[in-house]
Amino acid sequence: MTTMTQVRSEAAIENARPVDMKFEVTAIPVSDVDRAKRFYSSLGWRLDADFVFGDTFRGVQFTPPGSLASIHFGKGVTPAAPGSASGLFLIVSDIEAARAELVSRGVDVSEIFHVAGPGHPPVPGLDPERRSYHTYATFKDPDGNTWLLQEITARFPGRIDSNTTSFASPSDLANAMRRASTAHGEHEKRNGGQRDENWPDWYAEYMVAEQAGKPLPL
């Protein structure tokens, strides 16, 4: 038997704003903590902590540039086998630049490849249309934990809060502005080559729509 209290409670749950649950950290299994620390330091990642508690626990935390989430590794951190972590995605706005930087830091990075869609085999080179989500490169840490670079410049609809626009770094913002500039040039051509005096508004609309996965302005 359904009571009015139950109905009100269910309605309150349905209409309530979900509690924020921000993904903070993932554990990476390693066999040699100091070796792993040197590797992730060499990537230019920020060292947040290196805590030692007695002989049973040591926790090291790094955060990739522009990331809101971090990694933990150490002693007593995870029971997983060293090197068993895979499918660790690092999202970049320019995969060629990201790969080049890693290579300059001495990292063995795969060649860039793309896939036509989910379940399709990898094909060498950039996606011909430079579509978001389609282009990748991989590298491993000394234990064999596998990282995947994925180029994303425009999100699928609903993937981010449409009321929030943020950029991970000055480079990320600059790349977004370059894409907006290129699109705006095409916009001015369609308007007979006339200068658009409201270009700041157009840029802003384009950049917000691109990040939110909404239709881009024409």
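This short presentation describes the fold of one protein chain, its two sheets, the helices beside them and several of its salt bridges.

Let me begin with the source. What we have is a predicted model, in which local features need pLDDT of at least 70 and side-chain atom pairs count only at pLDDT 80 or more, while totals for chains, interfaces and linings use all residues. Residues are numbered from 1 along each chain as its sequence is written, and side-chain values use heavy atoms, with hydrogens and water left out.

I turn to the overall composition. The protein has five helices and nine strands; these are DSSP runs, numbered from the N terminus, with helices being H or I of at least four residues and strands being E of at least two. Along the sequence the elements follow the pattern α-β-α-β-β-β-β-α-β-β-β-β-α-α. Of the 218 residues, 33% are buried, where buried means under 20% relative accessible area, exposed means over 50%, and partly exposed lies in between, with a 1.4 Å probe and protein chains only. The protein exposes about 13,800 Å², of which carbon and sulfur atoms supply 55%; such areas come from the Shrake-Rupley method with a 1.4 Å probe, and for residues only the protein chains shown count as cover. Among contacts with a separation of 6 or more, 53% are between residues 24 or more positions apart, a contact being heavy atoms within 4.5 Å.

The next topic is the four-stranded sheet. In what order do its strands lie? The order is β1-β4-β3-β2, in an open sheet with mixed pairing; two strands pair if DSSP finds at least two bridges between them. Strands β1 (25-27) and β2 stand at the edges with a single partner each, so one side of each has no neighbour in the sheet. Neighbouring strands here are turned by 20 degrees against each other on average, direction ignored. For such angles, axes are lines fitted to C-alpha atoms, for helices over the stretch in contact, and values run from 0 to 180 degrees between N-to-C directions.

Within this sheet, β1 and β4 pair in the parallel sense over three bridges, and V25 has S70 in β4 as its bridge partner. Helix α2 packs on the sheet, touching β2, β3 and β4, and its direction makes about 10 degrees with that of β3. Strand β2 (residues 46-53) runs antiparallel to β3, joined to β3 by seven bridges. One of the pairs is L47 with F62 in β3. The hairpin of β2 and β3 has three residues between the strands, and G54 there takes a positive phi near 65 degrees.

Helix α2 deserves a closer look. Its buried residues include V33, A36, F39 and Y40. These residues lie on the same side of α2, because they cover an arc of only 125 degrees around the axis; the arc is that of the directions from the helix axis to the C-beta atoms. The buried residues of α2 pack against β3, β4 (70-75), β8 and β9.

The second sheet is open as well, with five strands in the order β5-β9-β8-β6-β7 and mixed pairing. Its edges are β5 (88-92) and β7, each with a single partner strand, so one side of each is left without a neighbour in the sheet. Strands β5 and β9 pair in the parallel sense over five bridges, and L88 is matched with W147 in β9. Helix α3 (residues 95-104) packs on this sheet, touching β5, β8 and β9, with its direction at about 145 degrees to that of β9.

I close with charged pairs. How many salt bridges does the structure hold? There are eleven, each defined as a side-chain nitrogen of Lys or Arg within 4 Å of a carboxyl oxygen of Asp or Glu. One of them joins R58 and D34, with the closest N and O atoms 3.0 Å apart. This pair links strand β3 (residues 57-63) to helix α2 (residues 33-42), across 24 residues. R58 is buried at 17% relative accessible area, whereas D34 is partly exposed at 39%.

A further salt bridge connects D143 with R35 at 3.2 Å between the closest N and O atoms. D143 lies in the loop between β8 (135-140) and β9 (146-151), and R35 in helix α2, 108 residues apart. D143 is buried at 16% relative accessibility, while R35 is partly exposed at 29%.
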